Amino acid sequence: MSGRVLVVGDVMTDVIVIPDGPIIKGSDRRASVRSRPGGSGANQAVWLGAMDADVWFAARVGAADRSMYENYFRGRGVMPMLAGDSEQPSGVLVTLVDPDGERSFLTDRGANLNLCAADLNESLLDGVSLVMVSGYSLFAPGPRAAVLGLLARAKARGVAIAIDPASTGFLTDIGPRQFLDWTAGADWIFANAEEAELLTGAAGLEDQVRALGTCFANVIVKRGRLGAVLGGSDGIRLDLPAPSVIMRDSTGAGDAFAAGFIAAFLDGQDEAAAMKAGIAAGARAVQVIGGQPQEDGGPTAPAG
């Protein structure tokens, strides 16, 4: 299978805050504060572009930012299909990075909340082999209706569908069963370990994969430092480790994994090779600050 990937998801301005130490309530703490383009869907698209995939990205941004974002994505190898919103500004995500590299988020989705059917017309599916949807696009009624309509048309055309659940917080808000009802029948799900447990209610990895396999043809569970597994309703069929690297920031690691896997798989590589490509991309992502690859490829940290 080869061809274009259509990514549907959020565009955010990521404000990344790295305190020098624990935050002191009611007082100051020195910190590094940086701002750069982000958002789960945008991250996936840019990582795919870095891997020379043919990738289009559909999203909604503030009208004042549309030209800037279009130029940015084109410069990162992505064809932007962006709608401009005259009412809401572009989304903003504040990321607080802990000393161990883990992070917490504060989210204002802004213009992403107004994604609508007109932004996702059927012509976007022309020449597309796979549609990748970030779960963030399903957590508000308007964008959800637009995305589910596009997925129904993709399924009718025989276009493969991949889902990234995106957030345990939002999954908890809307309910795991509801999310599965919306997305069941997709060809792929890329869940992290916490999302897999929340969606299935199962503690064991094998049970999680089997349970998700009743809704999705192929299940990938991303396990961070432990690597990733791939399987389906019959259980785990592939379990691969991750390399040991120094983690600076885990933001976007799951997006990088999904992009690495999809780029390799659509290029004709088998599941094992695609899994290795996904794991390698995720390992690369955690070694740099932010959710997207650095334009110079980013520094390589020594193995730990």
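Reader: How should I read the accessibility of D54: buried, partly exposed or exposed?
Author: It's a matter of cut-offs: under 20% relative accessible area is buried, over 50% is exposed, and partly exposed is in between (1.4 Å probe, protein chains only). D54 comes out at 38%, so it is partly exposed. Bear in mind that this is a predicted model, where local features need pLDDT of at least 70 and side-chain atom pairs 80 or more, while totals for chains, interfaces and linings use all residues. Numbering runs from 1 along each chain as its sequence is written, and side-chain values use heavy atoms, without hydrogens or water.

Reader: Which residue does D54 form a salt bridge with?
Author: A salt bridge here is a side-chain nitrogen of Lys or Arg within 4 Å of a carboxyl oxygen of Asp or Glu. For D54 the partner is R4, with the closest N and O atoms 3.3 Å apart. R4 sits in strand β1 (residues 4–8) and D54 in the loop between α1 and β4 (55–62), so the pair ties together parts 50 residues apart in sequence. Helices (H or I, at least four residues) and strands (E, at least two) are DSSP runs, numbered from the N terminus. R4 has 17% relative accessibility, so it counts as buried.

Reader: How many salt bridges does the structure hold?
Author: Eleven. One of them joins D181 and R177, at 3.3 Å from N to O. D181 and R177 both belong to helix α5 (residues 176–183), four residues apart, or about one turn of the helix. D181 is partly exposed at 49%. Another pairs E271 with R237 at 2.9 Å, N to O. That one links distant parts of the chain, with E271 in helix α9 and R237 in strand β13 (residues 235–240), 34 residues apart. E271 is partly exposed at 24%, and R237 is partly exposed too, at 42%. There's also a network of salt bridges linking R60, D85 and D119.

Reader: On to the empty space. What volume does the largest pocket have?
Author: On a 1 Å grid over the protein atoms alone, a pocket is an open set of points with protein on both sides within 12 Å along at least five of seven lines, a cavity is a set where a 1.4 Å probe fits but cannot get out, and lining residues have an atom within 4 Å of a point. Points join across faces, edges and corners, and volume is the space filled by probe spheres set on them. The largest pocket comes to about 1,100 Å³. It has 43 lining residues, with R103, N192, S250, A253 and G254 nearest its centre. Elements giving two or more residues include β7 (103–108), α6 (193–200) and α8 (253–266), and α8 gives the largest share, four residues.

Reader: What classes of residue line the largest pocket?
Author: Ala, Val, Leu, Ile, Met, Phe, Trp, Tyr, Cys and Pro count as nonpolar, Asp, Glu, Lys and Arg as charged, and the others, Gly among them, as polar. The lining splits into 16 nonpolar, 16 polar and eleven charged residues.

Reader: Which element gives the most to the lining of the second largest pocket?
Author: α8 again, with five residues. That pocket holds about 190 Å³, and M51, A53, A263, A264 and D267 lie nearest its centre, out of 15 lining residues.

Reader: How many cavities of 30 Å³ or more turn up?
Author: One, with about 30 Å³ of space. L130, W188, F190, F261, I262, F265 and L266 line it. By class that's seven nonpolar, no polar and no charged residues, and α8 supplies the largest share, four residues.
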